[in-house]
Amino acid sequence: MYQPLMDLTAEQKDILSGKEGETKAKMMEVLVRYGDVFGAKRLVPLTYKKGHLVTSFGISMLKPVFPLMDELIAAGLKAPEGFTADPRPMDFQNVKANLLEKLVFTKFMYSKQKSYEEQLTKLGLSSKDGFSCTCYLPEVGNTPKAGDTLSWAESSAVVFANSVLGAKCNRNSGILELFGTILGYAPEFGFLTEKGRKATWKVVLKTTKKPEAQILGSAIGMKVMDEVPYVIGLDAYLKPLPDEDTIAYLKDFGAATASNGAVGLYHIDGITPEAKEKGPSLLVDEPKEYVIDDAEIERVYRSYPIMWKSRDAKAHKCFIGCPHLTFKQLNDWTDKIVAGLKESGRKKLRIYTVLTTAPAVAAKFKLTPKYQELMATGAHLSSICPLMYADNPVAGARPLMTNSNKLRTYTFSRYYKDAEVLSIITGKGSK
Ligand code: F3S
């Protein structure tokens, strides 16, 4: 039996020694070894037991995952309070694919999707519509509260839970997060400790206007990498939480910090719960400092490589909503698109545009008149993960555009600011 470095309770030792079965013992060993590597002193019980899985896609090359899931099912194991999962990779109804793309997606890349979803259901997937990275939005309902300890892995959801909700979660890896959820424990290190939640970077915002969330997050992520920033000055541009625009801004900002760097927790002075409670005392003594002004935002934006074969190509598709859009964002984008088309004198969008949102948010939106307004512009509404769509040599080789810094980072997609996206897809402002 593995000899743990950390202290375990009698119950945890029993699981590790196999008293609750071989499969549970192996899962416990993985969790304990993981904690030992990071110097955890113990395993703490999850106070928020609902999980969220980053591995939502039945990608055939993940060969060890499928028998592993079968073993968990055969051992009768299940997430006690269920889980949601990241978005699905395919939606041919709302994200058009040609014959070759369909063949590649269904026969090669995601050939295991159907059987994998059956495995997820047996392990506790909360609903067939539980596929979104924004599981924490009220419509989806997987929302931890301040102080909760949880076991998630999706980087954009972890950084939101830690920073905006004030919950405690490390940036775990896929499958490990499921083991934690089923066992009900997490190793206590990093963001689960008071010390790990201290900010080592003081970021001072000196811009003359509210920066694009995706660029500010990218700038901070690339600078601080996996450390914790405390941002001063952004509260001048944000209304207090739970304002819907602030939630959307911090969602997009956080996803960019987490993907352009590896941020798992940020504090926004005067806005996020811990910063409101403790203020700059969250900073370590002698923190590093990063000043961001208009020129720095522009420098970061101009530094993004353009991976298209031809810079002047016309985009094949445009994705808006990575992470998935909130209900408010969906409404705002609809208004902006309709107004943009009116201004340009066009009836339909110039580019095949997909807005992505959680299934529950899409369902709510479809009940409103705005849904028909959006559809009349030729836009498409889907709940896929654009990254899973674009991260392959067939669909991803085409010139794709986006306002998501995460999508830009992981694929060849070209990043544009929101206003640029609007102008390109509607023709607004062009002669
Ligand atoms: Fe969500 Fe996929 Fe983007 S998981 S954050 S839509 S890469």
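Here are some worked exercises on the ligand site, the pockets and the sheets of this predicted model.

**Exercise 1. Work out which residues surround the ligand, and which parts of the chain they come from.**

Solution. Start with the residues themselves. The shell around the ligand is made of Asp86, Pro87, Cys133, Glu154, Ser156, Cys322, Pro323, Cys385, Pro386, Leu387 and Lys406. Next, sort them by class: you get 7 nonpolar, 1 polar and 3 charged. Then look at the secondary structure, where β9 (317-325) and α15 (386-390) each put at least two residues into the shell. Finally, zoom out to the domains. Domain 1 (10-192) and domain 3 (317-426) each contribute at least three residues to the shell.

**Exercise 2. Find the pocket that the ligand takes up, and explain why it lies between two domains.**

Solution. The ligand takes up the space of the largest pocket. That pocket holds about 500 Å³. Now check its lining: there are 26 residues, and Val54, Asp86, Glu154, Ser155 and Lys406 lie nearest the centre. Asp86, Glu154 and Lys406 should ring a bell, as they are also among the residues around the ligand. By class, the lining splits into 12 nonpolar, 9 polar and 5 charged. As for elements, α6 (155-163), β9, α15 and α16 (405-410) each give at least two residues, and the largest share, 4 residues, is from β9. The last step is the domains: domain 1 (10-192) and domain 3 (317-426) both give residues to this lining, so the pocket lies between them.

**Exercise 3. Describe the second largest pocket in the same way.**

Solution. Its volume is about 410 Å³. It has 21 lining residues, and those closest to the centre are Ala248, Tyr249, Asp252, Gln329 and Asp418. Two or more lining residues come from each of α8 (213-224), α9 (244-260), β9 and α12 (327-344). The top contributor is α9, with 5 residues. Sorting by class gives 8 nonpolar, 5 polar and 8 charged. For this pocket, domain 2 (196-303) and domain 3 (317-426) each supply at least three lining residues.

**Exercise 4. Say how many cavities of 30 Å³ or more the structure holds, and what lines the largest.**

Solution. The count is 1. The largest cavity has a volume of about 40 Å³. Around it you'll find Pro89, Met90, Asp91, Phe92, Val95, Ala97, Phe105, Ile384 and Tyr389. Put into classes, that makes 8 nonpolar, no polar and 1 charged.

**Exercise 5. Trace the strand order in the two open sheets, and explain why the edge strands each have a free side.**

Solution. Take the sheet of 5 strands: its order is β11-β10-β9-β12-β13, with parallel pairing. β11 (380-382) and β13 (414-415) are at the edges with a single partner strand each, so one side of each has no neighbour in the sheet. For a register check, β10 (residues 352-357) pairs with β11 in the parallel sense over 3 bridges, and Leu355 stands opposite Leu381 in β11.

Now the sheet of 4 strands, which runs β7-β6-β5-β8, again with parallel pairing. Here β7 (267-268) and β8 (283-292) are the edge strands, each with a single partner, so one side of each is left without a neighbour in the sheet. Inside this sheet, β5 (residues 199-205) and β6 (residues 229-232) pair in the parallel sense over 4 bridges. To anchor the register, match Lys202 with its bridge partner Tyr230 in β6.

Methods
Residues numbered from 1 in each chain as written. Predicted model: local features only at pLDDT ≥ 70, side-chain atom pairs only at ≥ 80, totals over all residues. Heavy atoms only, no water. Near = heavy atom within 4 Å. 1 Å grid on protein atoms, 1.4 Å probe; cavity = no way out; pocket = protein on both sides within 12 Å on 5 of 7 lines; lining within 4 Å. Sits in = over half its atoms within 2 Å of the grid points. Nonpolar A, V, L, I, M, F, W, Y, C, P; charged D, E, K, R; others polar. Domains from an automatic or database assignment. Pairing = 2+ DSSP bridges. Points joined across faces, edges and corners; volume = space filled by probe spheres on them.
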